[in-house]
Amino acid sequence: MSSPTPDLDTVDLSDRTFWGAPPEQRHAVYDQLRRERPFAFFAEPVIPYIEPGPGYHAVTRYADVEAISCRPALFSSGSGAVSIADMPPDLNEFYGSLISMDDPRHGKIRRIVAKAFTPRVLEDLVGNVQAVADDVVARARRTAEDGDGTIDVVADLAAPIPLRVICDMMGIPDDDRAMVLQQSNVILSGGDPELVQSEEQMVTAFLKAGEELAGLMARLAAERHAHPADDLTTALVSTEVDGERLTRQEIASFFILLLVAGNETTRNAISQGVLALSEHPAERDRWAADPGLTRTAVEEVVRWTSPITWMRRTATQDVELSGQSFPAGSKFLLFYGAANRDPAVFPDPHRFDLARDPNPHVGFGSRGPHFCLGAHLARREIGVAFRAFADQLPDLEVVGPPARLESSFVNGLKRLPARLTRCR
């Protein structure tokens, strides 16, 4: 990879437009930050109606990301893991769920969710993924055949697979799924002007989206209390740990978390993976010819795309990291995409190598209590999706540049134009 050496004095990771630029520019900045300013300090982005905070340190080295993640007593998630600003406590918990909690509350909620997420539930989900992927692929081909041969990789392939898997898992009725997609897009927009009309309306739009999703889950939870079904919502409303169940609000918060962690991340790993394979046709052909490559290929797609850009931690006391001292209250953003290209851990890190092994990426979070609960399911979805594309859409061809989401939090694509060349 070659890209002009950036002037770090002009780089602002809080500027949304930085994240809409080509990834080569982003990684050139990451590389230089790791070498020269591994704890670079940035002012916080301005958010209407939210008090400006003290700023944050951008953590870009793998070892530092891991050191912070593994010490939750020193580096808290409870002050907010998915927002740079300190949000009001009720909003922080509502939108962050157990991601924005510390022990002992975090451990208890996670045990309830894990108890509902039984091996049998997971096995049923994994079995459903192949059927969902096959149907989505067939629909995409019909769309191309009924039209001019083109499709949008995001709308026709990447978005429907994880959305349907999660909605099936929760028992979301078909009539509500378009709303679920629309409102989750708003919550994860990062204020992208295409999805939120103005910065002044950003907070209002987030709150409205959260209310709609919470309303859906409140209705569904009440229905499952009265009429239990064979789905995760029923398990969540009935599972107890130490005599405690999730409240309605906690179930709604967990649903929003699922949309973030289980829907958007898988969706963007798939769409950005399709883009990466189109840019590396030799690797695409290699995977198509060798299904046995799927295990390592999925890990490399997640490392390469790093769908969630960062999580935040806050120092609970004065701390030292790699010889530098930081006062209590310091905010740290763990930039997973930067850690995933750290040459200290990944040989030739800017090479897209589907056989890379070992591949200790942090695309599902680093080691520690907040490692992704749904990583196994996400891996399965990504692997099944790409095998379905290789077997049933061998004529899939990207035909234009992607429209990138202007968000520092989600490394997402809004659109990726493609065509199926066998369609006339």
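Where does Pro104 lie? Pro104 sits in the loop between helix H4 (89-96) and helix H5 (105-116). Helices (H or I, at least four residues) and strands (E, at least two) are DSSP runs, numbered from the N terminus.

This is a predicted model, in which local features need pLDDT of at least 70 and side-chain atom pairs count only at pLDDT 80 or more, while totals for chains, interfaces and linings use all residues. Residues are numbered from 1 along each chain as its sequence is written, and side-chain values use heavy atoms, with hydrogens and water left out.

**Overall build**

The protein chain has 16 helices and 12 strands. Its C-alpha atoms fill a box of roughly 60 × 60 × 40 Å, taken along the principal axes. The radius of gyration is 21 Å, which agrees with the value near 22 Å for a compact globule of 424 residues. That radius is taken over C-alpha atoms, and the globule rule is 2.2 Å times the number of residues to the power 0.38.

**Unusual backbone spots**

Most residues other than glycine have a negative phi, and most peptide bonds are trans. The table lists two cis peptide bonds.

| Cis peptide bond | Omega | Place of the proline |
|---|---|---|
| Asp103 and Pro104 | about 10 degrees | Pro104: loop between H4 and H5 |
| Asp357 and Pro358 | about 5 degrees | Pro358: loop between helix H15 (336-339) and helix H16 (375-392) |

Ser322 has a positive phi, near 50 degrees, and is not glycine. Ser322 is in the loop between strand S6 (319-321) and strand S7 (324-326).

**The five-stranded sheet**

Five strands form an open sheet in the order S1-S2-S8-S5-S3, with mixed pairing. Two strands pair if DSSP finds at least two bridges between them. Strand S1 (39-42) and strand S3 (75-76) stand at the edges with a single partner strand each, so one side of each has no neighbour in the sheet. S3 and strand S5 (residues 310-315) run antiparallel and are joined by two bridges. Phe75 has Ala315 in S5 as its bridge partner.

Helix H3 (residues 62-69) packs on this sheet. H3 touches S1, strand S2 (56-59), S3, S5 and strand S8 (331-335). Contact means heavy atoms within 4.5 Å. The direction of H3 makes about 125 degrees with that of S8. Axes are lines fitted to C-alpha atoms, for helices over the stretch in contact, and angles run from 0 to 180 degrees between N-to-C directions.

**The three-stranded sheet**

Three strands form an open sheet in the order S4-S12-S9, and the pairing is antiparallel. The edge strands, strand S4 (150-152) and strand S9 (396-398), each pair on one side only. From one strand to the next, the twist averages 35 degrees. S9 pairs with strand S12 (residues 417-420) over three bridges. Glu397 stands opposite Arg419 in S12. Helix H6 (residues 119-146) packs on the sheet and touches S4 and S12. The direction of H6 makes about 135 degrees with that of S4.

**A pair of helices**

The axes of helix H8 (residues 160-170) and helix H9 (residues 177-187) come within 11 Å and cross at roughly 120 degrees. H8 and H9 are therefore oblique to each other. Angles under 35 degrees count as roughly parallel, over 145 as roughly antiparallel, 65 to 115 as roughly perpendicular and the rest as oblique. The contact involves Leu163, Arg164, Cys167 and Asp168 of H8, and Arg177, Val180 and Leu181 of H9.
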